[in-house]
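Work through the exercises below with the coordinates open. Try each task before you read its solution.

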Amino acid sequence: MGLFIMDYRVLFDAVPGLYLILTPDLAIAAVNDAYARATLIDKNAVIGMHLFDVFPDNPGDPAADGVRNLRISLRRVLELRLPDTMRVQRYDVRGADGIFVERYWSPVNTPLLDSDGEVQWIIHRAEDVTGLVRQHREGAAWDQIARDQQHMMDEMRGANFGLSCTREENRRL
C-alpha cells in the first residue's frame, strides 16, 4: 500500500458542513467554502480579522443578540475547554451590498487543545436552519388561522342555535 499525503486544506474546503476556525483571541484563522457561501463573505478577505468585525449584529434590529450569545459560548469554550452547543440563534449576515439578510443558525463551538491542555484553536460549526425556522413560523401562522376560523365557526354555530331557539319560541306563541 502506498503512502498517502493528504492536503487537509482541500478536504476542509470540500466538506459540506459550515466550518470556521478561530484563534483563542477570536481572530479568523480559516473558513471553508460552505461557510463562506452561507455567510456571504469572501473567505480570503477575512483571514486574520476579528470574528465580530466580520460578523457584527444587524444594526437595524434592536433585539439582535447574536454577538452577545456567541461571545458567551466562546467564553465558555475558552474557560471550560469543552464543546459548547448553542440554541438556535438568529444572527443576520451582511450581504455584499451592506444590507443584512435574516439567518438562523444552530452552532457548536469546539476547542482544540495543545499538548499542555490550552485552547489552541476553536472550531465553530454552524448549520443554517433558516428554512426550518421559516417553515415552523409559517406552520404556526397557519395553525393560528385554523384556530381563528374554528373560533368563528363555533360562534356562528352558537348564534345559529340561538336563532333557532328564538324561532321555536316564536312559533309557540
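Helices here are DSSP runs of H or I with at least four residues, numbered from the N terminus. The model is predicted.

**Exercise 1. Place methionine 6 and describe its surroundings on the surface.**

Step 1. Methionine 6 sits in the segment before α1 (8–14).
Step 2. Its relative accessible area is 47%, so methionine 6 counts as partly exposed.
Step 3. Met6 joins Tyr8 and Leu11 in a nonpolar surface patch. Together they have about 350 Å² of accessible area.

**Exercise 2. Compare the span of helix α5 with the expected one.**

Step 1. α5 covers residues 66–80, which is 15 residues.
Step 2. From first C-alpha to last, α5 reaches 21 Å. That is close to the 21 Å expected at 1.5 Å a residue.

**Exercise 3. Which residues of α5 are buried, and what covers them?**

Step 1. Apply the cut-off: buried means under 20% relative accessible area.
Step 2. Gly66, Val67, Asn69, Leu70, Ser73, Leu74 and Val77 are buried.
Step 3. These residues lie on the same side of α5, because they cover an arc of only 170 degrees around the axis.
Step 4. Their cover includes β1 (18–22), α4 (51–54), β3 (84–85), β4 (89–90), β7 (104–113) and β8 (119–128).
Step 5. Now turn to the other side of α5: Glu79 and Leu80 are exposed there.
Step 6. Arginine 81 follows α5, with a positive phi near 60 degrees.

**Exercise 4. Summarise the protein chain.**

Step 1. Count elements: six helices and eight strands.
Step 2. Take burial: 32% of the 173 residues count as buried.
Step 3. Take surface: about 11,400 Å² is accessible, 58% of it belonging to carbon and sulfur atoms.

Notes. Residues numbered from 1 in each chain as written. Predicted model: local features only at pLDDT ≥ 70, side-chain atom pairs only at ≥ 80, totals over all residues. Heavy atoms only, no water. Helix = DSSP H or I, 4+ residues; strand = E, 2+ residues; numbered from the N terminus. Expected span 1.5 Å × (residues − 1). Buried < 20%, exposed > 50% of the residue type's maximum accessible area, 1.4 Å probe, protein only. Arc of directions from axis to C-beta. Contact = heavy atoms within 4.5 Å. Patch = residues over 30% accessible without salt bridge, like charges linked within 9 Å, V, L, I, M, F, W, Y side chains within 5 Å. Areas by Shrake-Rupley, 256 points an atom, 1.4 Å probe, with all protein chains shown as cover. Salt bridge = Lys/Arg side-chain N within 4 Å of Asp/Glu carboxyl O.
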